[in-house]
Amino acid sequence: MEFFGRCIVLVLGLILNESLLCNGGVTSSFVRKVEKTIDMPLDSDVFGAPPGYNAPQQVHITQGDHEGKAVIVSWVTMDEPGSSTVLYWSEKSKQKNNAKGKVTTYKFYNYTSGYIHHSTIRHLEFNTKYYYKIGIGHTARTFWFVTPPPVGPDVPYTFGLIGDLGQSFDSNKTLTHYELNPIKGQAVLFVGDLSYADNYPNHDNVRWDTWGRFVERSTAYQPWIWTAGNHEIDFAPEIGETKPFKPYTHRYHVPYRASNSTSPLWYSIKRASAYIIVLSSYSAYGKYTPQYKWLEEELPKVNRTETPWLIVLLHSPWYNSYNYHYMEGETMRVMYEPWFVKYKVDIVFAGHVHAYERTERISNVAYNVVNGECTPIRDQSAPIYVTIGDGGNLEGLATNMTEPQPAYSAFREASFGHATLAIKNRTHAYYSWHRNQDGYAVEADKIWVNNRIWNPVDESMALAVS
Ligand SMILES: [Fe+2]
C-alpha cells in the first residue's frame with residue numbers, strides 16, 4: 001500500500017513537474033518587422049541646444065533624499081561655469097528661495113565635458129508644484145516639478161518604467177509614447193543603459209550630451225530614478241580610461257547617502273507607498289562586499305506597514321528566456337534571491353535584454369549543490385520579474401527566444417516599448433506594458449499585481465491580452 005501510495009505521489013509529481021517545465025506562458029503573436037535601429041543624427045531637433053549664451057541644457061531631476069522632500073537638479077552649461085544656484089518657489093507662494101549647488105567637469109580621452117551642475121533643493125512640501133529657475137546671470141530657464149505625496153501605505157502613485165533607452169529613432173518613439181500615455185507616470189524608474197555613447201569611437205562623450213538634451217523634455221519635469229547598466233561602465237583601458245562609471249557618476253547624481261549607501265551605484269528611496277531598492281549588476285555583490293553588506297542591512301529596514309510595495313531595480317535580469325545575455329544575472333540571483341523571497345519583494349525590474357518579458361511569481365532557491373533541485377517553482381512569496389530593456393537603443397531588438405517558453409515566463413514579446421506601474425492602494429497595483437506599434441502605443445500586457453504582504457493569497461491575475 002505504501003509502495004502504491006509512493007507511486008501515485010511519484011506520478012503526480014512527474015505530471016506537476018512536466019506541467020511546470022513545459023507549459024510556458026504566452027509568447028506574443030505580435031511579431032515586429034525587424035528594421036534597423038539607428039541613432040538620430042547629431043543635427044536632429046531633439047538634440048538642439050537651447051538658445052542663448054551659456055543656457056542650461058541637459059536638465060534633469062531626481063529624488064534628493066530618502067522620503068521625497070528633496071530634489072537634485074542637474075544641468076550643464078557649455079560656455080563658462082556660471083551659477084550653480086537654483087531659484088525655486090512653490091505654486092502656493094510667491095516667496096523665492098535659493099539652493100546653492102556645485103559644478104564639476106571631467107575629461108574622457110580627448111573629450112572635455114561642459115560644466116556639470118548639481119544642486120539639491122531640500123525641505124520641500126509634499127504634494128506641491130514647484131517652479132525652478134537655473135542659468136541665473138546668463139540665460140535663465142524655468143521648469144517645474146510636483147513633489148510626491150507623503151510616504152504612506154495607501155497613497156496612489158504611478159511610475160513609468162523605461163530601460164536601455166539610447167538615442168535612436170525608436171528611443172524617441174518610446175519616450176513620446178511614455179509622455180502621451182493616458183496612464184500618467186509621475187516618476188520614471190529607469191533600469192540602466194542611458195546614452196550608449198560607448199558604442200561610438202573612443203566612447204564619444206558628445207553622445208552623453210545629446211542624450212541629456214534628448215530626454216530633457218521629461219527629465220526636467222519629473223524625477224527619473226537611475227540604475228547603472230553596463231553602458232555606464234565606460235571602462236576603456238585602451239585609451240587610458242580606467243575609472244569605471246566616470247561619465248555616468250559625474251552627470252547623474254543620486255541620493256545614496258540618505259540610505260547609508262557608500263556608493264551611488266546602489267541605494268534606496270521611499271516614494272509614496274513604494275520602497276525602491278536600486279542595485280548594481282556591475283559592482284561586486286558577493287559576500288562581504290559593500291553592496292552585499294548594505295543590502296543585508298537594508299532589507300530588514302523596509303517597513304511594509306509604511307511602504308507596502310517593495311520594488312527592486314537592477315540591470316541584468318535574473319530570469320530571461322531570450323538567447324541574449326543568457327544567465328549573465330545568474331550569480332547575483334544566487335546571492336540575493338533567497339533574500340527577495342524572505343522579504344517578499346513585489347516586483348524586480350531589469351533591462352539589458354532588448355525585449356520585453358514578465359515572469360510568474362517564481363523562485364529557485366532550493367539548490368544546495370548536492371540536491372539537484374534547480375528548477376524554478378511557483379512561489380507566492382517570490383517577486384514577479386520584468387525585463388524591460390526595450391527602450392529602443394541602436395543595438396536593436398533581441399528577437400531570438402529559447403524554445404519552448406519556460407514555465408516561469410508568463411509573457412514575452414520582442415518589441416520596443418515602456419511600462420507603467422499604477423499603485424492604487426496597499427493591496428493592488430495595475431501594471432501594463434505598452435509596445436511601440438507603428439506610431440501608436442498599444443497596451444499589450446497587463447496585470448493586476450497583488451501586494452505580497454497585504455494581499456498575498458490570490459495569484460496576481462493576468463488580464464486578457466488585447
Ligand atoms: Fe545592458
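## The metal site

Let's begin with one residue: Asn230 has a relative accessible area of 21%, so it counts as partly exposed. The cut-off that matters here is 20%, because a residue is called buried only under that value. Please keep in mind as you read that this is a predicted model. Asp193 is on the other side of that cut-off: its relative accessibility is 0%, so Asp193 is buried.

What do Asn230 and Asp193 coordinate? Both hold the iron ion, together with His315 and His352. The donor atoms are OD of Asp193, OD1 of Asn230, NE2 of His315 and ND1 of His352, at 2.1 to 2.3 Å from the iron ion. Why is the arrangement called irregular? The angles between the four donor atoms run from 87 to 170 degrees, and that spread makes the arrangement around the iron ion irregular. A tetrahedral site would need all angles between 85 and 135 degrees, so the value of 170 degrees rules that label out.

Along the sequence, the donor residues follow the spacing D-x36-N-x84-H-x36-H. Asp193 and Asn230 are 37 residues apart, and the pair links distant parts of the chain. Asp193 sits in the loop between strand 13 (187–190) and helix 3 (206–219), while Asn230 belongs to the loop between strand 14 (224–225) and helix 4 (246–251).

## Aromatic rings in pairs

Next come the rings. A pair of aromatic rings can be described by two things, the distance of the centres and the angle of the planes. How many aromatic pairs does the count give? The total is 31 aromatic pairs. Take Trp89 and Tyr131: their ring centres are 6.0 Å apart and their planes meet at 20 degrees, so this pair is stacked. Trp89 is part of strand 4 (residues 86–90) and Tyr131 of strand 10 (residues 129–134), so the pair ties together parts that are 42 residues apart in sequence. Is Trp89 buried or exposed? With a relative accessible area of 14%, Trp89 is buried, whereas Tyr131, at 25%, counts as partly exposed.

Now look at Tyr106 and Tyr111. Their ring centres are 6.0 Å apart and their planes are at 40 degrees, so the pair is tilted. Tyr106 is buried, with a relative accessible area of 4%, and Tyr111 also counts as buried, at 10% relative accessibility. Rings can form groups as well: ring pairs link Tyr88, Tyr130, Tyr132, Phe143, Trp144, Phe145 and Tyr221 into a cluster.

## Cavities inside

Rolling a probe the size of a water molecule over the atoms shows where empty space is left. In this model there are three cavities of 30 Å³ or more, and the largest cavity holds about 50 Å³ of space.

Which residues line the largest cavity? Among them are Gln58, His60, Ser74, Trp75, Val76, Ile116 and His118. Gly212, Arg251 and Tyr252 are in the lining too. Strand 2 (57–63), strand 3 (71–77) and strand 9 (115–121) each give at least two residues, and strand 3 gives the most, with three. By class, the lining of the largest cavity has four nonpolar, five polar and one charged residue.

## Two pockets

The largest pocket has a volume of about 600 Å³. It is lined by 26 residues, and those closest to its centre are Glu330, Arg333, Asn364, Cys374 and Pro376. Helix 1 (2–22) and helix 6 (330–342) are the elements that give two or more residues to this lining, with the largest share, five residues, coming from helix 6. The lining of the largest pocket is made up of 18 nonpolar, five polar and three charged residues.

For the second largest pocket, the volume is about 460 Å³. Of its 19 lining residues, Ile72, Thr120, His253, Val254 and Arg257 are closest to the centre. Strand 9 supplies the largest share of this lining, three residues. Here the classes come to seven nonpolar, seven polar and five charged residues.

## A loop residue

Finally, find Asp65 in the loop between strand 2 and strand 3. Asp65 has 13% relative accessibility, so this loop residue counts as buried. Asp65 and Ala419 are 354 residues apart along the chain, and their C-alpha atoms are separated by 25 Å.

Technical notes
Residues numbered from 1 in each chain as written. Predicted model: local features only at pLDDT ≥ 70, side-chain atom pairs only at ≥ 80, totals over all residues. Heavy atoms only, no water. Donors = N, O, S within 2.8 Å, 3.2 Å for Na, K, Ca; no water. Tetrahedral: all angles 85-135°; square planar, octahedral: opposite > 155°, others 65-115°. Helix = DSSP H or I, 4+ residues; strand = E, 2+ residues; numbered from the N terminus. Buried < 20%, exposed > 50% of the residue type's maximum accessible area, 1.4 Å probe, protein only. 1 Å grid on protein atoms, 1.4 Å probe; cavity = no way out; pocket = protein on both sides within 12 Å on 5 of 7 lines; lining within 4 Å. Points joined across faces, edges and corners; volume = space filled by probe spheres on them. Nonpolar A, V, L, I, M, F, W, Y, C, P; charged D, E, K, R; others polar. Phe/Tyr/Trp six-rings, centres within 6.5 Å; stacked < 30°, edge-to-face > 60°.
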